Amino acid sequence: MKTNLDTIREMMDYIEKHLEERLDLDSLCREAGYSRYHLSRMFSVISGFSVHTYIQRRRLTEAARLLVFTDKPVMEIALFAGYETQQSFTIGFKAMYKCSPRAFRRRKEFFPLQLKMAVDGSGKLRGDRMMDIQMVESGRMLLAGYRKNTRFGFNVIGQCWKKMHAGKGSIPDRINREFLVGLNDYARWDTDSEKQPVFDYYAVSEVERIGVLPKGMEGRELPATKYIVFCFRGIKEDSMQPVADYIYREWFPQSTCRLNENARYDFVRYGEETDEDGKSRIEYWVPIL
């Protein structure tokens, strides 16, 4: 017999095959053999989205792909995405991509907001459950905090954060106090290491200027550049490795974005304020050209 997880996987496949057709909860219920209540509840618990939201995000992502890689008229793409008018399509597209379909086409940069979701039942945060993806032009950033190298194990990351939480109140000229930053600096990446990736890790805060810092702290300047920013709500203590794997192994290969070789780092901004479930806003920033 099929498990409920098998049912949701088959439903994801069915949605992919019928993105260009009329898809509603009733037709999906008939396909799955579930009631509206049970199917919508099970889908949202497993995927993190309502059925309607997931279908809309998938259609708009594929619409964005068509805008960049084809010459199809905007109205034709709007109909594919399930919109009856170009105006309603523009409103929906701007809500997700923060620009109009025509402006997105002129930019000629494709990035997917919602790839087909992989359902494994683990409950672990994956990149395909991202709530928002943005392109951001940022000026230089100044950071101050604690640095360790991972040569002797990833436990040094926890050590950095223990020091950071104890010492953040003493950082002079601190700004953006609602976030702390975990920086992965790959400038001295050890490509010969066979045991594990070796790089410098910083637990830091953004500062207005790097002046005299408390003993043991270091300053770090990041250049002005463009970033692709992946935003979601999660638990700060959770590993970001599943998210990084999704970004670099699945998302980038399907995007036209190019990694910035002159900015060999990425970083995660962790929101200081948590909700009743212990989750906060988390942003994974990757430098691009």
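Confidence in this predicted model bottoms out in helix H3 (residues 36-47), with a mean pLDDT of 73, and peaks in helix H7 (residues 101-107), at 93. Across the chain the mean pLDDT is 84, and 91% of residues reach 70 or more. As a rule of thumb, where pLDDT is low, the predicted coordinates shouldn't be read in detail.

Now for the sheet. Eight strands line up in the order S1-S6-S8-S7-S3-S4-S2-S5, forming an open sheet with antiparallel pairing. At its edges sit strand S1 (132-138) and strand S5 (218-222), each pairing on one side only. Neighbouring strands are turned by 30 degrees against each other on average, direction ignored. Helix H9 (residues 241-251) packs on this sheet, where H9 touches S1, S6, S7 and S8, and the direction of H9 makes about 40 degrees with that of S8.

Here are some of the elements to look for:

| Element | Residues |
|---|---|
| Strand S3 | residues 179-185 |
| Strand S6 | residues 225-234 |
| Strand S7 | residues 265-271 |
| Strand S8 | residues 280-288 |

S3 and S7 run antiparallel and are joined by seven bridges. Look for Asp185, which stands opposite Tyr265 in S7.

Tyr265 turns up again around Pro287, a residue of strand S8. Is Pro287 buried or exposed? Its relative accessible area is just 2%, so Pro287 counts as buried, the cut-off being under 20%. Leaving aside neighbours within four places in sequence, Pro287 is in contact with Thr225, Lys226, Tyr227, Arg258, Leu259, Asn260, Ala263, Tyr265 and Asp266. Glu261 is 26 residues from Pro287 in sequence, and their C-alpha atoms are 8.6 Å apart in space.

On to the nonpolar interior. The largest nonpolar core has 54 residues, and the members that touch the most others are Phe89, Tyr97, Phe104, Phe111, Ile228, Trp251 and Tyr284. Helix H4 gives the most to this core, with six residues. There is also a second, separate core of 19 residues, Met11, Tyr14, Ala32 and Tyr54 among them.

Trp251 is a handy place to zoom in. Beyond its neighbours within four places in sequence, Trp251 is in contact with Phe111, Pro112, Leu115, Ile133, Ile228, Phe230, Tyr246 and Cys257.

What about H4 itself? This helix covers residues 51-69, 19 residues in total, and reaches 27 Å from first C-alpha to last, close to the 27 Å expected at 1.5 Å a residue. Why is H4 largely enclosed by the rest of the structure? Because 14 of its 19 residues are buried.

Terms used:
Residues are numbered from 1 along each chain as its sequence is written. This is a predicted model: local features need pLDDT of at least 70, side-chain atom pairs count only at pLDDT 80 or more; totals for chains, interfaces and linings use all residues. Side-chain values use heavy atoms; hydrogens and water are left out. Helices (H or I, at least four residues) and strands (E, at least two) are DSSP runs, numbered from the N terminus. The expected span of a helix is 1.5 Å times one less than its number of residues. Buried means under 20% relative accessible area, exposed over 50%, partly exposed in between (1.4 Å probe, protein chains only). Two strands pair if DSSP finds at least two bridges between them. Axes are lines fitted to C-alpha atoms, for helices over the stretch in contact, and angles run from 0 to 180 degrees between N-to-C directions. Contact means heavy atoms within 4.5 Å. pLDDT is the predictor's confidence in each residue, from 0 to 100. A nonpolar core is a set of buried Ala, Val, Leu, Ile, Met, Phe, Trp, Tyr and Cys residues joined through side-chain atoms within 4.5 Å.
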